[in-house]
Amino acid sequence: MYRVKRWGDPVLVADANLTVGGPIKSNFQAVSVWNDAFRDFGAIEYYLRIPQADVMRLKALQTFPDGYTANQKMQWLGGDPKGRIYMHEQNENWDTAEFLRWGTLTLGNNLVQVDKISRFAVHLPALPAGQKVTLDMGRLVCFTPADWGATHESHPHLIHRAWCVGANNALIDSPKGIVYTPLWSPLHWTFIGPAKPQPTGFWIPMRWLDGV
């Protein structure tokens with residue numbers, strides 16, 4: 001088990017431009033994962049299709065009693081067509097769309113479980129086009145349909161808390177309170193990229209992780 005580094009960590013700044021207070025800003029701790037179909041990072045060009053039935057199951061995860069409703073939390077997760085963590089078409093809504101697009105990412109300061117470590121040549125987001133470095137990469141254990149009974153408390157490596165970037169990289173909850181989102185499996189939900197291959201796994205540089 002490991003913990004994903006958060007925005008502002010020197011390694012994430014150097015490798016992925018995930019800095020705080022600079023030209024790149026975010027309202028959540030998004031850390032893209034590497035897929036082994038296109039051998040690339042990306043949480044917009046690459047995504048999983050989450051069908052409406054599972055969107056409703058995602059809504060059912062939003063039960064933490066913090067003064068916000070599950071609908072408000074889902075509106076934050078997927079209410080913007082351009083996306084926060086989930087996206088949809090301009091003329092759709094999160095609660096009526098046939099599916100939502102989940103950007104392939106994990107979230108800083110969350111736990112992940114790694115079941116395999118391999119060494120790959122990868123193009124890091126901060127590198128010039130075509131330049132690669134060889135890194136130890138960890139394959140992430142992902143959320144599957146068998147995990148719908150899990151919670152963040154019982155399986156924090158599968159269901160992540162949607163931490164946001166605060167001042168001086170302080171961790172804050174989303175504008176709608178404590179929000180949860182699974183680390184969806186590419187083997188169980190349809191992966192969309194510029195061509196057909198389906199990944200067998202999502203990976204992350206081991207140097208983006210801290211031991212726990």
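Here are a few informal notes on one glutamine and one sheet in this predicted model.

1. Start with Gln62. You'll find this residue in a loop, the one that links α2 (52-60) to α3 (70-78).

2. Is Gln62 buried or exposed? Its relative accessible area is 4%, and buried means under 20%, so Gln62 counts as buried.

3. What does Gln62 touch, once you skip its neighbours within four places in sequence? The contacts are Ala70, Lys73, Met74 and Leu77, plus Ile178, Val179 and Tyr180. Try showing those side by side with the loop on your screen.

4. Tyr180 deserves another look. A polar atom in the Gln62 side chain sits 2.8 Å from the backbone oxygen of Tyr180. Also check Gly177: along the chain, Gln62 and Gly177 are 115 residues apart, yet their C-alpha atoms are separated by 9.8 Å.

5. Now for the sheet. It is open and has four strands, ordered β6-β7-β5-β16, with antiparallel pairing. At the edges are β6 (86-87) and β16 (190-192), each of which pairs on one side only.

6. Zoom in on one pair of strands. β6 is joined to β7 (residues 99-103) by two bridges, in the antiparallel sense. Which residue of β7 is the bridge partner of Tyr86? That's Trp102.

7. Finally, go back to α2, the helix before the Gln62 loop. α2 lies across three strands, β5 (47-51), β6 and β7, and runs at about 85 degrees to β5.

Terms used. Residues numbered from 1 in each chain as written. Predicted model: local features only at pLDDT ≥ 70, side-chain atom pairs only at ≥ 80, totals over all residues. Heavy atoms only, no water. Buried < 20%, exposed > 50% of the residue type's maximum accessible area, 1.4 Å probe, protein only. Contact = heavy atoms within 4.5 Å. Polar contact = N/O pair within 3.5 Å; in protein donor to acceptor, adjacent residues only side chain to side chain. Pairing = 2+ DSSP bridges. Axes fitted to C-alpha atoms, helices over the stretch in contact; angles between N-to-C directions.
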